[in-house]
Structure formats: C-alpha cells, structure tokens
Amino acid sequence: TSFLGIARYGEAILSERSPLFTCKMPGMVVFGRRWGIASDDLVFPGSFELFIRILWWIGTMVLFTYHKGHFECNGRGVLHSYLVGLLVVLALIILSLCAIVYISAQGTITNPGQRRSMPALVYLRAILYVPELVWACLGAVWVSDDGRGCDPATVGAVISAVVASWIILLFTAVGVVFVFDPLGNPRPQPPAMEPLGVRDMQSSEGTQFLSTARSLAVKVWESRLRLLCCCLPQDESYRAAFSSIAQLFSSFFSDTDLVPSDIAAGLALLHQEQDKMERSRDPDVVVPHSPSSPGEDLEAELEKATHWMQFAAAAYGWPLYIYSNLFTGPCKLSGDCCRSRVAEDEIVGGDHLGCHFSSILQTTGLQYRDFIHVSFHNQIYEIPFFVALDHKREAILVAVRGTLSLKDVLTDLSAECENLPIEGVSGACYAHKGISQAAGYVYKRLVNDGILNQAFSIAPEYKLVITGHSLGAGAASVLAILLRNSFPTLQCYAFSPPGGLLSKALADYSKDFVVSVVLGKDLVPRLSIPNMEDLKRKLLKIVSNCNKPKYRILLQGCWYELFGGDPDDCPTEMDNRREQELSQPLLGEESLIVRHSSSYQSLGSDESPAHTPAHLPLFLPGRILHITEDGPTRRSCFSQVRYRADWSNEMAFRSILISPRMLTDHMPDIVLRALGTLTKDKPFSLCPSSLSDSQHNAI
C-alpha cells in the first residue's frame, strides 16, 4: 500500500482551494504543500514517540534528582544547564505530542473538522526540533570535552540522551522523505472553475492545467520505476515498458485523494463486510462435471491437474525447491550445482551453475534424456520455459515459469490490452499485452527454432500439454491458443492465472482445451484493471460511510485479522438518512473525488454503471476449477486443512476478495499441496524422494 494514494495528478489543485475544501480532503496541507499523510495518521507514531519521551523525561529527572544539583566533576555548570534544559525541552515536546495524539484521534477520515488545529500543532512540533538539536550538540560537546572524571553512570546517561536525540532526528528525516509527495507542490489555480463539488474542469485553461498535471504524474511514476529497477538495463524496450506502466498507475490513482492509511482502513472494513456477506450466503451447489465436457468427471481432472502442477512448480527452479525443502534441498542440490556438464549445454540456456536444471530433475523425477529444451533466459516479455517428454502420461510437455524476477514483474504490469487475432474466433480478440508478448516469445522459440518438431520426431504419438503457474499460466494459456490450430488435441493446465488475461471471445474459445485451477481467495486470478477500479470504488464508499476514527478501524482490523471474531458492524453516515436520499453520494465520499472518472459511481448505482468503462474487460482462460477450504475459515495452526473442488465460471472472479490468504493461496507450493489433498494418493511434494507408499484419504 505504500504506492497507493501517492500519485494523484489532480492534487496540485487542492492546496490552493478554500480552507473549508482543503479540510475535507484526507491529505494534510502543511508548509505550503500537500503531503502523503493525513491529519489522523499521527495517533500511532505520536503515541510511540510519546512513550519514549516520557521514559526519557523520567530518566533525566531521576539523574538530576540523584545529584541534587551538585555535580562533582569538570564542566558541572554545562552539565547542570544541559539537564535542566533537556527537562524543559522534553516537557514541551511531551505536551505537544499529547495534543497531537489527542487531536489526531478526533473526527473521521472524511470529516476532519475536529482536526483543524493539526497544522498548527505540526508547526509547533517542528519548531521544538531546533532546541532539541541544540541540546544534542551541547550534550555531545560536554561528553567529548568535560565528561572526564565524572560518574560513569552520569556520562553514560548523557551519551544515551545524545544518541537518542540524533536517532529521533534521523527517523524524523526519513519519515519526511517517505511522506513527501512529489506532486504536492502548490500550483496556480486555473481561473475558470466550476462550483464546489464538481471536479471536472470545462474551461480551456482548466483542461490545459489538467493535461500538464497528468504529464507530471506520468513522469513521477516513470522516475519511481527507473529508481526501483535501477539494476536493469535502460534500453528502448524497458523505457517503453516504464512509460506504459507509469501511464497505467497515474491514471488509476488520479481521481481520488486517499493516502496509504486510508486504503489500509478501507481494506480492513471491506474484509469484514465481505465476511459478513459470505456468512449469510446460501451454500454453493457442487457441480460434479465440467460444464463444457460432461464426460470428464471432477476427480479425473483433479488427478491430471495434480500431476501437471508438479511441472509448473518445477519451472521455478532452485528458489522454490529450496523454499519447499529447507532442510534437505540444499544438500541435494549442492552435489549437482557447479559440476561440469558439457552435454547439458546443448539443451540448457541461462543456467550457468546448473542449479535450476538440477532442481527440475529432483522435482519432476524425469531423467536428463527426457528433456528436449530448457531455457532460463529472462528479459522483459521473455520468460523461461522447458520442454520435456512425460512418458507416464505420454505427453510432450511445455512448462512456462511464473513471476520470479523484477523483469517478470514489469511483464505483469504491462496490463493494457493488445490485439490477438485468432483464425476461427469471432468477436473481439485481445489479451494482456505483457503476457501476450511473453507467449509470443515462447511460441517463436518452439516453432521457429524447431523445438516442437524435434520433440514430435522423437515421440510422434504423444499429445501436447502446456502448463504454468501465475505469469506462466497466463503465458501458457495464450500459447495454447496460438498453437491450437496446429495441434488440435493439445491441452493446457493453467494454475492461478491472472484474471485480466483474455477477451470474452478468446476466453470462451479456450474452454475446450484450457483448464484453470484457482485456490481459495487468490488475488491474482481476480486481478484486472476493471476489478481494481471496482475495488477503489468500494473503498471510497466504505471509508466515507464509516463514522469511526481511523485508529479504531486499524486496531479492530488488526485484531480481526489475527484473532478473528465477529465482523464489526461499523456505523455509517447512512444510519440517519432517509431512504430516498440514498441515491445521492455522501459528502464524505464526494470529498474523496478529485475528479470524476469512469471508475466512480454514486452509492445508488452499484449495478448500473454511470459511465462507459475506461478499460476493456478481460477474463480468466478456459474452464475454471475452484478449490476452496471446506469448513470454518478460522482454524488452529495445527489442524489439517480440508478442501473441496467445484467447477466455477469467470463471472465468479469479477471482484477482489480481501483475506489474509489472498497472497498465500497464490503460492505454487500451497496450490500443489491443496491439489494433493484432493487426490487419492499422498499429496505430491517438490521432493519426490520423500514420498512414501502410504495412501492419503481423498477429501
């Protein structure tokens, strides 16, 4: 959430508006600029510093009282003045912190009227840093020049006070850097503005100003991406990717005035709201057969999926193998890495030490002779993959690796649509740009380099199977679509694929040969630009409706995430409003909108969009096999997890579900373990040698 609420190209307008309008916005305006922090964000840091300062003041008072004003050592006058001054400075700081914590805890996120005095308190606290800096220098001078011959405990106490002062000053400077908003500089307000509450600017001056602000926001995001990816080459392809991603981020964060803590509070409230809705929902009906292939029962598909997931996990190489086998993995790979393999150079590329290939051999149980091609070459839009012969299933397998590097992240974030015309498919054909280009790279390697021809020359009777996890699942699905006309019998198993992947026409076309496996509340299969816009709209609504202060929302949210309990019934601004008024947006919600966009809808228009969507809808590929936990969502750490598998459809993944497991459910080892518990055999492991002959009961 550190990125959320920081880049808003409309925020340059805010600092020049009337004080009443500014106080309605969460972002705090001090020192002539708007910062990426709100006036109610100082409760927790202020309380922590207050606790430290009180202990510090008590320790200083004890030291001063112990000597009773008599200091028998050199520089006693300087020491006496230092302690007295330190007590006074600390007392003033404590009083200012008490006021800051108390005022910051008042009001709500969108109703900060009770926090109008916060800028003055921030100015006062900033002024008090000056005497603290002076006294820190004074203490350092006394320790270095006049501290000799004094009580060691006294000298140690003064040294501790000086060090503490410098540490607090350092952390304050670091905090200022973190909350600094590059787009928060005050700018001249365009002369023609619409009345308060209307954010769109119709005048030519306003349009020009907004265009300039938008360009500035894109440049800021490009600079952030280049700084984050400073270790990557800055060639033309990377610059184009940075520009594309920067435009996406700046447009997404442009129409709201949220700060990171607002988003954290909104996620906590939304999680509880979703849990309340889930508990009141009727049980889902289990469909035992695939909706498009009635002859293929659920158990058979689960067995196939479990088998192919081993290869999708193996494509990650040694990092996942070591992570899944912390005690045995390093020992098993240590003998294989770094040894000379002249023959392997013919099929393996980009694996200089051989650890990746060794881990693949360990995970899949295949022999060296079973591999046709293994590539660990990795650039933006170019991802690793391997081709092998699976004699157990009589298949030529293509396994594509998921996200494992910063280059893969850039491929993931290149999320705009790209045309993907496919012969025989009617309707609009487009796909995720970054994943589509990654699949095109693998396609060219397989076809143009003759890798598939070589494989089928060895095993002409085998079928083609393509698999992958996460980014690899998306690339595998697009690759299967590209190869479908040439290999009509191919099958694709996509594990945890990205939600924003294919147009509706391509998603329907892929149902005959692609099976997507999704575990629980995994975030990635629900992640798309329209879904993120929907999440932003829900966060705006739930944050603006809540009448609780932010610190209480965050505390209760943390307690709920850690220990569970009943979802909180949070009071809202809607409690005392007449039903006919609910079609109008609340003042709090409207105050969070810098400018209207297609992502924003009023409270009365959840199901009927008021604007045409700015981004084309994208869907999961193929038939969707959804695995969920069977039983209560909260369980003890040592209890066994039980799963159930149902056939689902792409419309069930049109919204993001907030959960502590939204990230862990995406991990390949967790997906593999869940599939293993649903099959008759013992769950598959990333370390095949550890499997025993014992059977595991099917669930």
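In this predicted model, helix α9 (residues 260-279) packs with helix α19 (residues 529-545) at an angle of about 90°, and their axes lie 9 Å apart. That angle makes α9 roughly perpendicular to α19. From α9, the contact draws on D262, I263, G266, L267, L269, L270 and E273, and from α19 on L535, K538, L539, I542 and V543. By class, the residues of this contact are 8 nonpolar, 1 polar and 3 charged.

These two helices belong to a protein chain with 22 helices and 13 strands. The chain has 699 residues, of which 53% are buried. Among contacts between residues at least 6 apart in sequence, 72% join residues at least 24 apart.

The interior can be followed through its nonpolar cores. The largest of them holds 47 residues, and V398, L446, L464, I466 and L483 have the most contacts inside it. Two or more residues of this core come from each of β5, β6, α15, α16, β9, α17 and α18 (504-509). The element that gives the most is α17, with 8 residues. Apart from this core lies another, of 42 residues, with A314, F386, Y643 and A674 among them.

L464 is one of the residues with the most contacts inside the largest core. Its neighbours within four places in sequence aside, L464 is in contact with I396, V398, L452, F456, L483, F487, T489, L490 and Q491. Two residues in that list, L452 and F456, lead to helix α16, where both are buried.

Helix α16 spans residues 451-458, and its buried residues are I451, L452, A455 and F456. Viewed down the axis of α16, these buried residues fall within an arc of 125°, so they line one face of the helix. The general rule behind such a pattern is that an α-helix has 3.6 residues a turn, so residues three or four places apart point the same way. The face of α16 turned away from the buried side carries N453, S457 and I458, which are exposed.

What do the buried residues of α16 pack against? Their partners include the strands β4 (371-375), β5 (385-390), β6 (395-400) and β9 (463-469). The helices α15 (433-448) and α17 (471-483) also pack against them. Of these partners, β5, β6, α15, β9 and α17 are also among the elements that give two or more residues to the largest core, as does α16 itself.

How values were computed. Residues numbered from 1 in each chain as written. Predicted model: local features only at pLDDT ≥ 70, side-chain atom pairs only at ≥ 80, totals over all residues. Heavy atoms only, no water. Buried < 20%, exposed > 50% of the residue type's maximum accessible area, 1.4 Å probe, protein only. Helix = DSSP H or I, 4+ residues; strand = E, 2+ residues; numbered from the N terminus. Arc of directions from axis to C-beta. Contact = heavy atoms within 4.5 Å. Axes fitted to C-alpha atoms, helices over the stretch in contact; angles between N-to-C directions. Parallel < 35°, antiparallel > 145°, perpendicular 65-115°, else oblique. Nonpolar A, V, L, I, M, F, W, Y, C, P; charged D, E, K, R; others polar. Core = buried A, V, L, I, M, F, W, Y, C linked by side-chain atoms within 4.5 Å.
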